[in-house]
Amino acid sequence: MRRTTTRIHPGMCAAFALMAAYVAPLFLLGEGAHLRVHDNLDSNIAWYRVLIRSGQWFGPHDAVIPQIMNGLPRNSFGTEFSLLVALHAAFPPMLAYAISQTIVRVFAFVGMYLLLRDFALRRNDEVWIVIGVSLAFALTPFWPSGMLSTLGQPLALWALLHVRGGTAKGRHWGTIAALPLYSSFVLGFFFFLAAVFVWWGWEAIFRRRLNVRLLAAIALMTAIYLCIEYRLVLSLVLSEAPTSRDEFVSSKLSFWQCVRLSVKNFVLGHNHVRTLHTAIVLPLTIVAALLAAGRRDWRTGAEDRWLLPLLALNAALSIWYAFWFYEAWQPLKERYGLLNTFNFARFHFLRPLVIYAGFALACSLLWRRGGRTGKALVCAGLIGQALLLALHNEEIEYRKRPSFRQFYAEALFRDIREYIGAPPSSYRVASIGLHPAVAQFNGFYTLDTYNNFYPLSYKHAFRNIIAKELDKNETLREYFDTWGGRCYIFVDELGKKYEFKANSKKKIRNLELNVDAFRALGGRYVFSAIPIMNAEANGLALRRTFRHREAAWRIYLYEAVP
């Protein structure tokens with residue numbers, strides 16, 4: 001009897017080795033690793049720690065987290081059925097982060113590989129293109145707490161296309177059912193499923209193809225998301241008390257500002273779905289699209305016919321994103337609250353899938369029809385894109401920012417906690433010149449925070465503390481009043497800067513806080529990363545200055561005195 005063996009393509013081994021090298025610094029350096037700060041160290045990582053330590057991980061709908069804002073609604077922290085939260089419950093924060101990064105990149109690669117292999121590039125000589133594009137897609141610097149919300153879309157599309165074609169097996173249905181556990185509905189898959197549903201509707205109406213299996217798969221995945229995200233559903237449907245979202249004013253751009261933003265998004269991308277496609281992917285895709293458009297038979301190729309539509313869809317998503325902020329929308333958003341509280345601009349979260357699928361088709365067309373020049377362009381493009389992405393590894397890109405250990409400065413804040421002496425639950429603090437997440441991570445009860453879903457009454461009460469500072473600075477006033485996601489102690493002299501390191505020479509000379517409003521909310525201490533020269537005039541007394549060799553900050557501890 002002949003034994004059959006499955007041969008692993010050497011390119012697959014190389015791709016997984018490169019992915020391992022990419023995430024290796026997170027494991028080898030541990031808390032000495034350098035990570036993205038925005039919407040990561042300054043928020044989500046601290047939130048997971050606060051939630052798990054609060055005892056309200058599985059708390060009821062009306063539960064609160066007492067450590068933040070004198071009782072932040074439990075629903076502000078999202079679902080308990082996220083495997084990312086489970087990772088942070090099972091492992092130390094840095095290890096949980098490293099494992100999550102690895103999981104996402106592996107499944108991003110596998111998803112794109114399966115999608116391209118099964119439905120796009122099936123020729124044997126194109127396997128290197130499939131592997132190269134899949135690797136590039138997996139190495140994109142995605143938003144860490146988004147999990148597979150964007151990078152899992154190729155895997156979902158692969159499964160749904162098999163359902164659509166009647167070739168689905170248990171693994172395809174299992175993929176559809178499992179992805180919601182490691183992704184977010186509102187940060188990716190709502191828009192993905194909406195797009196697939198529109199596609200299903202188009203086929204049902206114009207092609208008279210009522211694909212019940214595909215509709216059932218869409219419904220199944222949506223239902224699982226709604227069950228997992230039940231807190232969000234209840235908050236949107238049952239919430240009666242006004243929240244900070246009720247004062248969002250997102251549509252403020254003029255027509256030409258929207259046009260510029262469309263071009264910027266199309267060319268450069270967006271911070272939360274960084275594709276790094278500007279220098280290599282976009283030019284190659286445009287060259288291939290021009291080559292396809294210049295041929296009379298461009299529609300005949302199964303792959304080529306999708307290249308121009310994907311490029312057009314990419315542009316349309318950028319236009320939609322930008323014009324969601326067009327000022328003409330604002331009256332409608334004020335009338336219908338859901339348009340204001342739910343960010344429909346995030347259809348552009350489909351762009352990583354669209355961009356890299358288009359990149360694969362472009363490489364295929366150039367390889368087959370571009371002669372030696374085309375083959376050279378493909379090889380250079382795949383290698384160049386991989387190198388470009390490698391240079392944007394967090395350890396390289398953020399090497400000049402504080403490391404995980406330096407950012408959270410646990411030893412420094414342990415000294416502060418011991419100096420104060422009283423249990424942290426017995427007093428409230430706020431920070432100036434550094435993110436409140438640092439104090440939260442270290443167990444302090446903070447009046448300030450970064451969160452875009454909290455009681456509107458609290459926002460107004462907190463505003464009283466900083467009202468005079470907001471009056472001095474129109475940018476800060478508009479930032480706080482029309483959004484308020486960063487409920488910070490804003491200072492006119494600092495602007496929207498929140499990270500003043502220990503070596504900073506900056507000083508605050510003309511602070512005007514309402515210390516009575518601060519004390520009314522329970523505030524007692526202010527952690528300032530820079531000295532306040534007129535502290536006494538604000539009812540603040542300097543108690544001590546703290547510094548630690550492993551901390552990025554020097555903390556001036558001020559106490560609010562009557």
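Two strands are taken as paired where DSSP finds at least two bridges between them. In the predicted model described here, β7 and β8 form a hairpin in which 6 residues lie between the two strands. The strands of this hairpin, β7 (residues 540-547) and β8, run antiparallel and are joined by 7 bridges, and F546 has I555 of β8 as its bridge partner. Strand β8 is also joined to β6 (residues 523-528), again in the antiparallel sense, through 4 bridges, with Y558 in β8 serving as the bridge partner of V526. Strand β8 itself, which spans residues 554-560, is mostly covered, 6 of its 7 residues being buried.

These pairings belong to an open sheet of 4 strands, arranged in the order β3-β6-β8-β7 with mixed pairing. Because β3 (428-432) and β7 each have a single partner strand, they stand at the edges of the sheet, and one side of each is left without a neighbour there. From one strand to the next, the twist averages 25°. The parallel component of the sheet is found between β3 and β6, which pair over 5 bridges, and within this pairing S431 stands opposite F527 of β6. Helix α21 (residues 410-420) packs on the sheet, where it touches β6, β7 and β8, and its direction makes an angle of about 140° with that of β7.

A helix pair was also examined. The axes of α4 (residues 83-90) and α5 (residues 93-119) come within 8 Å of each other and cross at roughly 145°, and the crossing of α4 past α5 is right-handed. On the α4 side the contact is made by L84, L87 and H88, which meet P93, A96, Y97, I99, S100 and I103 of α5. Classified by residue type, the contact of α4 with α5 comprises 7 nonpolar and 2 polar residues, with no charged residues.

Backbone geometry was considered next. Most residues other than glycine have a negative phi. Against this background, R208, although not a glycine, has a positive phi of about 55°, and L276, likewise a residue other than glycine, has a positive phi near 50°. Each of these residues is placed in a loop between helices: R208 is found between α9 (185-206) and α10 (212-228), whereas L276 is located between α12 (255-268) and α13 (281-293). Their surroundings can be described by relative accessibility, which is 77% for R208, so that this residue counts as exposed, and 15% for L276, which therefore counts as buried.

Finally, the cysteines were inspected for disulfides, and a search of the whole structure finds 0 of them. A disulfide would require a pair of cysteine sulfur atoms within 2.5 Å. For C13, the closest cysteine sulfur is that of C379, and because the separation is 20 Å the two are too far apart for a bond. The sulfur of C379 has its closest cysteine sulfur in C363, at 9.2 Å, which is likewise too far for a bond. With regard to solvent accessibility, C13 is partly exposed, having a relative accessible area of 45%, and C379 is also partly exposed, with a relative accessible area of 38%.

Definitions and conventions:
Residues are numbered from 1 along each chain as its sequence is written. This is a predicted model: local features need pLDDT of at least 70, side-chain atom pairs count only at pLDDT 80 or more; totals for chains, interfaces and linings use all residues. Side-chain values use heavy atoms; hydrogens and water are left out. Buried means under 20% relative accessible area, exposed over 50%, partly exposed in between (1.4 Å probe, protein chains only). Axes are lines fitted to C-alpha atoms, for helices over the stretch in contact, and angles run from 0 to 180 degrees between N-to-C directions. A crossing is left-handed if the near helix is turned anticlockwise from the far one by less than a right angle, and right-handed if clockwise. Contact means heavy atoms within 4.5 Å. Ala, Val, Leu, Ile, Met, Phe, Trp, Tyr, Cys and Pro count as nonpolar, Asp, Glu, Lys and Arg as charged, and the others, Gly among them, as polar.
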